[in-house]
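Here's a quick look at a few loop residues. Have the sequence and the 3D view open as you read.

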Amino acid sequence: MKRQNFIRKVFLLMILPIILIFSAGLHAAENPAAQKPDYDVIVIGAGMGGLSAAAHLAVKGQKVLVLEKHFVVGGSTTKFTRGEFTFDASLHEMAGGGPGKMDRGLYQLLKTTGVDKKVELYEVPHFYRSVFPGVDITLPPNWPGFKSELKKKWPEESEGIEKFHMLCSSVYGDIMELRDLFRKGSVGGTLTQILVPLRQRAFFKWKDRTVKDLLDQCFKDEDIKAVVSQLWVFYGAPVDKESALIFMAATESYLSDGAWHIKGTSQALADGYAARIRELGGTVQTGALVTKILLENGRATGVRTANGKTYTARYIVANTDPYQLANKLIGRENLPVKYLEKIDAMKPANSLFGVYIGLNIDLKALGYNDTEIFYNTYRDSSKNYEAMMKGDFKKGAVAITIYTNMGDPVYAPKGKSVVKLDAYSDASVWPADRAEYAKLKEQKVDELIALAAKVIPEIKDPKNIIVKESYTPKTIERYTLNKGGVVYGFYLSPEQWQKIPNDTPIKNVFITSNWTQAWHGVGSGQVNGWRAARLILDREDID
């Protein structure tokens, strides 16, 4: 052991001069030249990443302007109404903590900005119900209950269940130790990464492995593997392709910090952020589509909107996908070839297809008590994934969210129910011709409802349906401008788990979205916003 420690110290002493030479002058924390702009920071897009970035900047005294093309804030974190029904556009359940929990993730950020005082979070009663041939099990949203239910059904897997918990906890702990790595300069960052194999051993071991590798190490029975990995449907890749690192961290966050929703739908969260930004002196402007980031001598000086207005700022934060940022807002001619090649080479994840349903029956009164149900045609996630991505929805998997079982009366009148069905989809499935598109959409809606009806037969009876509205990747692309309607950012394989950083080659332009490293979802989007804000505050020497 003493010899190993000696070798490590010698190695570090040898490598340090190389690091210092290599990193000299790289990523210098230059402040923009003195000027008198309209704002300190302009944020493009009022999705979760943009709103979070603006709030974290405003609470530190920065003058911010948020420009959103839609008529309401929130991006995908929004609601809409049809008659007597209210639908949450996208949020199923949010990880990251809430009142009374460990306070180590998202909830800590909500408290930092004061947004926690603007919203009411409630913990969902169930984590998920997993259904596939031969198996039907509902799991609680906490480790004791989660493990207990699994052990009841698979007592012979008790040791593996405990091992799974231990591994998820260890990986998450290591990630939390590394959460400020993105803030470190070249020298500090490189040294931290060199020491990862010694200090963050669980992280280092699993960063290049898949969920399948994790399952095979913990379990023998193929059914328990399918149940434990069911949330692959939330992360965008089948288990043999999905990053174990991200899956483990998300599982630990859900089961230790809780699965949460927002009273009044996720729109209340977006509105809470906007209200807080305004309280802090910031400006949130809707109906303002940014078409260009203005550059001068390699730096951003402001933005121009579709109606020809210009606003100047010292920093820009883009809550967009990297394609929109590089190809339209900045322009490829203004970016290094290596940066463009990296983005172009990375594989985007999938988009979604789904149906919002308002029912004139009370599903809970009929015995359906779950909030999140996954029905899988196959036990093999790859087969489900392939079926969905080629548009064969009658043979894939479907996420069934019963919003009226969450205890929030906003969704439907007493005695009625709101259900949302979601499946993966690829933009190429949907034709450009309007008539063909409408015809195919109607057909696929029926297929997805028929698949969900294998769990809830009542939803396929036309007499029970008052409202039925669907969306496709084209719908998502129209509202978010994300290429191909992709909602998860880059495909979460082990090769791509890092996604892209929040800084860009333009020194005072930052990106915060599901395409960046804190990954994707309503909770992670807010973490990404904090990361982008933190980089700017570091440049300004603001704690």
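Leaving aside its neighbours within four places in sequence, which residues is V59 in contact with? In this predicted model, the answer is T112, T113, R276 and L280.

Take R276 from that list. Along the chain, V59 and R276 sit 217 residues apart, yet their C-alpha atoms are 8.9 Å apart in space. As for where to find V59, look in the loop between α2 (48–58) and β2 (64–67). V59 is partly exposed there, with a relative accessible area of 27%. That figure falls between the cut-offs of under 20% for buried and over 50% for exposed, which is why V59 gets the middle label.

Now for two residues with a backbone quirk. T265 isn't a glycine, but it has a positive phi of about 80 degrees. N297 is another residue other than glycine with a positive phi, this time near 55 degrees.

Both belong to loops: T265 to the one between β8 (260–262) and α12 (267–279), and N297 to the one between β10 (290–296) and β11 (299–305). Is each of them buried or exposed? T265 has 0% relative accessibility, so it counts as buried. N297 comes out at 77%, so N297 counts as exposed.

Here are the three loop residues side by side:

| Residue | Loop | Relative accessibility |
|---|---|---|
| V59 | between α2 (48–58) and β2 (64–67) | 27%, partly exposed |
| T265 | between β8 (260–262) and α12 (267–279) | 0%, buried |
| N297 | between β10 (290–296) and β11 (299–305) | 77%, exposed |

Technical notes
Residues numbered from 1 in each chain as written. Predicted model: local features only at pLDDT ≥ 70, side-chain atom pairs only at ≥ 80, totals over all residues. Heavy atoms only, no water. Helix = DSSP H or I, 4+ residues; strand = E, 2+ residues; numbered from the N terminus. Buried < 20%, exposed > 50% of the residue type's maximum accessible area, 1.4 Å probe, protein only. Contact = heavy atoms within 4.5 Å.
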